[in-house]
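I opened this entry to look up two things: how the domains meet, and how the protein meets DNA. My notes follow in the order I checked them.

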Amino acid sequence: MDAKRADGEKTPDLSAPSPIADRLLAWYDRHRRDLPWRARPGETADPYRVWLSEVMLQQTTVAAVRPRFENWLARWPDFASLAVAGEADVMAAWAGLGYYARARNLVAAARVVVAEHGGAFPRTEAALRRLPGLGAYTAAAVAAIAFGERAVVVDANVERVVARLFAIRQPLPAARTAIRRAADTITPNMRAGDFAQAMMDLGSAICTSRAPKCLLCPLADDCAALAAGTPDAFPVKPAKKARPQRHGTIFWLRRGDRVLLVRRPDKGLLGGMRALPTGPWQDAAPGLEDAPAQADWRMLDGVVTHGFTHFQLDLALAVATIEGEQPVAGEWWPIDALGTAGLPTVFARAADAIVEQGG
DNA sequence: GAGCCGTGGCT
DNA sequence: TAGCCAAGGCT
């Protein structure tokens with residue numbers, strides 16, 4: 001490896017040699033992905049871009065993040081602009097990405113950076129960890145990638161790679177203590193940021209959850225799980241629980257060429273997002289319970305189904321038209337501009353289904 | 001520790 | 001196709 005090419009690394013390497021890190025970094029220097037948020041060799045990483053990308057990538061694929069990252073940067077290119085952004089605009093910009101607390105926490109963190117840190121991002125893992133939305137993983141990743149700190153970066157990729165390298169037989173989540181300790185032993189003092197990204201690239205391309213490509217792996221000779229003949233048996237995962245089925249009703253209330261939208265409560269599912277009105281979500285279909293207005297409701301044929309992380313939802317579709325100035329809480333949004341409302345996917349799909357049926 | 005919190009892609 | 005999975009954080 002070529003330590004002089006490290007991005008923003010300053011600490012001298014006082015650690016014992018780590019053949020695993022050396023082999024991985026050599027592989028990374030040849031196979032690293034070129035990603036929009038990633039500094040190229042010799043470039044200095046932009047902490048704002050590193051942070052934004054890490055948050056967007058939480059539980060979210062690179063393919064989904066790519067276009068969103070560029071659009072976001074065009075609107076809010078730095079901490080100062082994000083700190084004064086309107087929360088409604090930010091939430092709408094995040095629509096479709098999921099885990100909406102991330103968007104609210106981005107704004108909150110930017111405001112803390114401006115108000116309490118003079119607009120400069122904290123440079124240590126410990127200080128980053130105190131910002132909203134930066135947990136153990138993201139604080140370590142930003143500290144390592146943006147600031148060159150030797151932080152132990154453990155995400156699902158690292159968990160998988162390390163559990164295989166060391167053939168850790170304890171099941172998740174209890175294994176995380178041992179995995180972190182093992183990850184610490186192979187994390188180099190120099191190029192900790194490159195090392196973290198190398199582990200993620202390896203996990204993404206080679207050491208995959210299913211059918212790992214061990215023949216192409218630069219760490220094959222180090223891997224206890226491969227030596228045991230069952231690399232894909234690690235990490236050991238707990239049995240998943242079944243997702244319950246819930247039922248609800250979506251209310252499509254028209255007035256002229258507009259439809260009623262509401263804002264969901266800040267806490268909880270789809271918190272703070274613009275939405276179509278719905279009644280309660282429960283074990284059986286609730287019918288017209290909690291309709292947003294007295295009207296001549298008509299049920300459409302069929303339901304819209306949507307899977308969330310911890311339950312499955314069937315939504316019946318109720319439509320009605322009202323006239324005049326009956327006061328109704330919410331916003332009347334032009335139906336032909338619903339795409340600009342920033343609806344979460346479940347409501348965007350329901351709206352499509354309703355419009356198709358002439359709602 | 002365990003439940004809650006989205007979505008799209010892949011097998 | 002139904003389940004699995006992805007650069008997690010918060011309570």
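I fixed one term before looking: a salt bridge is a side-chain nitrogen of Lys or Arg within 4 Å of a carboxyl oxygen of Asp or Glu. I also noted that this is a predicted model.

**Entry 1: the salt bridge.** I looked for salt bridges across the interface of domain 1 and domain 2, and the rule finds 1. I then checked the side chains of Arg104 and Asp266. They meet in a salt bridge, at 3.9 Å from N to O. That distance falls within the 4 Å cut-off. I also looked up polar contacts across this interface, and found 2 residue pairs.

**Entry 2: the domains.** I took the bounds from the domain assignment of chain A. Domain 1 covers 3–152 + 187–205, and domain 2 covers 245–356. I looked up the spacing of their C-alpha centres, which is 36 Å. How many residues are in contact? I found 8 residues of domain 1 in contact with 12 residues of domain 2.

**Entry 3: the buried area.** The size of an interface is often given as the accessible area lost when the parts come together, so I looked that up next. Domain 1 and domain 2 bury about 700 Å² between them. Carbon and sulfur atoms give 57% of that area. Which three residues supply the most on the domain 1 side? They are Met91, Tyr100 and Arg104, with 51% of the area that domain 1 buries against domain 2. I had already met Arg104 as a partner in the salt bridge with Asp266.

**Entry 4: the touching side of domain 1.** I went back to the salt bridge count of 1 across this interface, and asked which element gives the largest share of the domain 1 side. Helix 5 (residues 87–94) does, with 3 residues. By class, I noted 6 nonpolar, 1 polar and 1 charged residue on that side.

**Entry 5: DNA strand C.** I found 24 residues around DNA strand C. Leu57, Thr138, Asp155, Asn157 and Arg160 come nearest. Does the protein meet mainly backbone or bases here? Of the strand atoms within 4 Å of the protein, 65% belong to sugar or phosphate, and the rest to bases.

**Entry 6: phosphate oxygens.** I checked backbone atoms of the protein against phosphate oxygens of DNA strand C. A polar backbone atom of Gln59 is 2.8 Å from one. For a backbone N or O atom of Gly133 I also read 2.8 Å. For Tyr137 the distance is 3.1 Å. Helix 8 (136–147) and helix 9 (156–165) are the elements that give two or more residues to this surface. By class, I noted 9 nonpolar, 7 polar and 8 charged residues there.

How values were computed: Residues are numbered from 1 along each chain as its sequence is written. Chains are lettered from A and ligands numbered from 1 in the order in which they are written. This is a predicted model: local features need pLDDT of at least 70, side-chain atom pairs count only at pLDDT 80 or more; totals for chains, interfaces and linings use all residues. Side-chain values use heavy atoms; hydrogens and water are left out. Domain bounds come from an automatic or database domain assignment. Contact means heavy atoms within 4.5 Å. Buried area is the accessible area (1.4 Å probe) that two parts lose on being put together, summed over both. A polar contact is a pair of N or O atoms within 3.5 Å; within protein, one must be able to donate a hydrogen and the other to accept it, and residues adjacent in sequence count only if both atoms are side-chain atoms. Helices (H or I, at least four residues) and strands (E, at least two) are DSSP runs, numbered from the N terminus. Ala, Val, Leu, Ile, Met, Phe, Trp, Tyr, Cys and Pro count as nonpolar, Asp, Glu, Lys and Arg as charged, and the others, Gly among them, as polar. A residue is near a molecule or strand if one of its heavy atoms lies within 4 Å of it.
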